[in-house]
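This report introduces a protein structure to a reader who has not met it before. It proceeds from the whole chain to the interior, and then to individual residues.

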Amino acid sequence: SIIPPDEYVDTVCADIEAATDSVFVVMPRIEFNALDKNAATTRLMQALVSAKRRGVFVFVLMDLAGSVTGRAQGSFDAFFFLNDNGIDAHFDVKETDLHSSFIISDKRNVIMSERPWTRNGMRATSSVDTRIVSTEYARELVAFVMGLELYDNPLALEYYNQLYLPKEFVHHPNGLTAFVQHQDDVGLR
């Protein structure tokens with residue numbers, strides 16, 4: 001069924017809140033600012049944390065390439081927030097360009113979406129968001145996600161030393177202290 005644009009956030013939050021087993025989120029871009037308590041993205045992120053605290057397995061995958069090339073702050077804020085709350089948060093490999101957006105709850109309920117979790121994405125009135133209830137389809141999507149090459153720790157030094165890092169990432173308040181204090185600054189200039 002089609003989800004009306006003004007019901008997207010409520011529908012996704014309701015699915016996450018009803019989950020008892022697992023929630024898989026594939027969202028290439030997440031703009032998150034924990035201080036913006038009224039933002040739709042904040043509601044979605046809080047729903048994920050609440051699910052994790054109830055004992056639900058929560059997995060979030062974002063696009064690394066888009067995060068490193070100019071939109072770092074929001075996606076890294078999302079990563080650190082999720083990771084700090086015990087959620088299995090990942091970026092895909094830099095060589096992959098992740099475009100798909102979907103949420104799977106309890107390996108059965110799928111919400112396919114065209115909208116990113118950004119301020120503009122939440123305002124989109126022409127986005128087509130679809131709910132599909134299918135164990136088989138959900139299983140195929142989970143298998144697809146689990147088949148992707150992921151970075152378990154997107155701060156891995158041997159990887160990031162090969163990249164130009166935006167200044168806001170190196171000095172990110174939630175960045176790993178060990179990374180920021182790393183003496184070998186190859187790739188940080």
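A residue is called buried when its relative accessible area is under 20%. By that criterion, buried residues make up 48% of the 189 residues in the protein. The model under discussion is predicted. Its secondary structure comes to 9 helices and 8 strands. The protein exposes about 9,600 Å², and carbon and sulfur atoms supply 49% of that area. Of the contacts with a separation of 6 or more, 75% are accounted for by residues 24 or more positions apart.

**The nonpolar interior**

The largest nonpolar core has 35 residues, and those with the most contacts inside it are Tyr8, Val23, Ile30, Leu48, Val60 and Trp117. At least two residues of this core are supplied by each of helix H1 (8-18), strand S2 (22-26), helix H2 (40-53), strand S3 (57-62), helix H4 (72-84) and strand S4 (88-92). Helix H2 gives the largest share, 6 residues. Apart from this core lies another, of 11 residues, including Phe59, Leu61, Val142 and Val145.

Val23 illustrates how such a core residue is surrounded. Leaving out residues up to four places away in sequence, Val23 touches Ile16, Leu48, Val56, Phe57, Val58, Phe59, Ile103, Ile104 and Ser105.

Val25 lies in strand S2. With a relative accessible area of 0%, Val25 is buried. Residues up to four places away again being set aside, Val25 is in contact with Leu48, Phe59, Val60, Leu61, Phe102, Ile103 and Trp117. Val25 and Ser101 are 76 residues apart in sequence, yet their C-alpha atoms are 7.7 Å apart in space.

Thr41 has its place in helix H2. Its relative accessibility is 4%, so Thr41 counts as buried. Beyond its neighbours within four places in sequence, Thr41 is in contact with Ile30, Glu31, Phe32, Trp117, Thr118 and Met122.

**The packing of H1 and H2**

Two packed helices are described by the angle between their axes and the distance between the axes. For H1 and H2, the axes come within 9 Å and cross at roughly 10 degrees. Because angles under 35 degrees count as roughly parallel, H1 is roughly parallel to H2. On the side of H1 the contact is made by Val9, Asp10, Val12, Cys13, Ile16 and Glu17, and on the side of H2 by Ala40, Arg43, Leu44, Ala47, Leu48 and Ala51. The residues of this contact divide into 9 nonpolar, no polar and 3 charged.

**The loop between S5 and S6**

Most residues other than glycine have a negative phi. Which residues in the loop between strand S5 (102-105) and strand S6 (109-112) depart from this pattern? One of them is Asp106, which lies in that loop and has a positive phi, near 55 degrees. Lys107 also has its place in the loop between S5 and S6, and its phi is likewise positive, near 50 degrees. Asp106 counts as partly exposed, and Lys107 is partly exposed as well.

The table sets out the relative accessibility of the individual residues discussed above.

| Residue | Relative accessibility | Class |
|---|---|---|
| Val25 | 0% | buried |
| Thr41 | 4% | buried |
| Asp106 | 24% | partly exposed |
| Lys107 | 41% | partly exposed |

Terms used. Residues are numbered from 1 along each chain as its sequence is written. This is a predicted model: local features need pLDDT of at least 70, side-chain atom pairs count only at pLDDT 80 or more; totals for chains, interfaces and linings use all residues. Side-chain values use heavy atoms; hydrogens and water are left out. A nonpolar core is a set of buried Ala, Val, Leu, Ile, Met, Phe, Trp, Tyr and Cys residues joined through side-chain atoms within 4.5 Å. Buried means under 20% relative accessible area, exposed over 50%, partly exposed in between (1.4 Å probe, protein chains only). Helices (H or I, at least four residues) and strands (E, at least two) are DSSP runs, numbered from the N terminus. Contact means heavy atoms within 4.5 Å. Axes are lines fitted to C-alpha atoms, for helices over the stretch in contact, and angles run from 0 to 180 degrees between N-to-C directions. Angles under 35 degrees count as roughly parallel, over 145 as roughly antiparallel, 65 to 115 as roughly perpendicular and the rest as oblique. Ala, Val, Leu, Ile, Met, Phe, Trp, Tyr, Cys and Pro count as nonpolar, Asp, Glu, Lys and Arg as charged, and the others, Gly among them, as polar. Accessible areas come from the Shrake-Rupley method with a 1.4 Å probe; for residues, only the protein chains shown count as cover.
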